[in-house]
Amino acid sequence: MGKMKFIADAMLGRLAKWLRLFGFDVLYYPHIEDRLIIKIAREQERTVLTRDTHLLRKKGLKDCIFVESDDIFMQLSELRNRLDFDKVSPLGRCTVCNGVLLKVSQKKEIKEYVPDFIYHNFNDFIKCAGCGKVYWKGSHQKKIKEKIIEILSAPVASGKSFSSEDPDLSGQGRANSLIRPDEKGSAGADREKERIED
Ligand SMILES: [Zn+2]
């Protein structure tokens, strides 16, 4: 079985970002008509992720996963039996545009796109082939792995014992922040944090 590809409905933007962080190929458009979701899914052989019972009844829908919860971690937990979380590659996809992330071979290529502090303290950088956003591997990656373990080990549908807290993607100063190449400095990092956390 090849790697699963997805398209998420308009209600699942946050889930789409999380799945991208985990390395899954997930298309998401905040304003898209149902029939277009179905069309793209068929053309590109993508599984539709939806919370919309109305969409479920639409003609032409083939592969589809209905997501019941509106809580992000419950949603991820629901998906854990359907997706291969064991094989995820953290930082595999751009959270903004779903582009493929490529290793930056020469660190100096990205010098002007990241804060000095980051440039001097990190060595492994990756860049989105789609929008050019630069990411760096650090504890951010570790946190993603920890979150995956939490998802895999949490009881299903208990609600209570499951942490609904987002991993702190900007926790340790800017080292964990994601930053857009056109938004140097902390303002950009903060904005990106909001974006991730919705
Ligand atoms: Zn991108």
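This report describes the sheet, the helices packed on it and the nonpolar cores of a predicted model.

## Basis of the description

Residues are numbered from 1 along each chain as its sequence is written. Because the model is predicted, local features need pLDDT of at least 70 and side-chain atom pairs count only at pLDDT 80 or more, while totals for chains, interfaces and linings use all residues.

## The sheet

Four strands (DSSP runs of E, at least two residues, numbered from the N terminus) form an open sheet in the order β2-β1-β3-β4, with parallel pairing; two strands pair if DSSP finds at least two bridges between them. The edge strands, each pairing on one side only, are β2 and β4 (64-66), and the twist averages 25 degrees from one strand to the next.

Three bridges join β3 to the parallel β4, and the bridge partner of V48 in β4 is C64.

## Helices on the sheet

Helix α1 (helices are DSSP runs of H or I, at least four residues) lies across β1, β2 and β3 and runs at about 155 degrees to β2; axes are lines fitted to C-alpha atoms, for helices over the stretch in contact, and angles run from 0 to 180 degrees between N-to-C directions. Helix α2 also packs on the sheet, where it touches β1, β2 and β3, and its direction makes about 175 degrees with that of β1.

## The nonpolar cores

A nonpolar core is a set of buried Ala, Val, Leu, Ile, Met, Phe, Trp, Tyr and Cys residues joined through C-beta atoms within 7 Å, buried meaning that 20 or more other C-beta atoms, placed from the backbone, lie within 10 Å of a residue's own. The largest has 22 residues, and those with the most contacts inside it include F6, L19 and V26. Helix α1 gives the most to this core, with five residues. Apart from it lies another core, of eleven residues, among them C94 and W136.

Definitions and conventions:
Buried ≥ 20, exposed ≤ 12 C-beta atoms within 10 Å, placed from the backbone. Contact = placed C-beta atoms within 7 Å.
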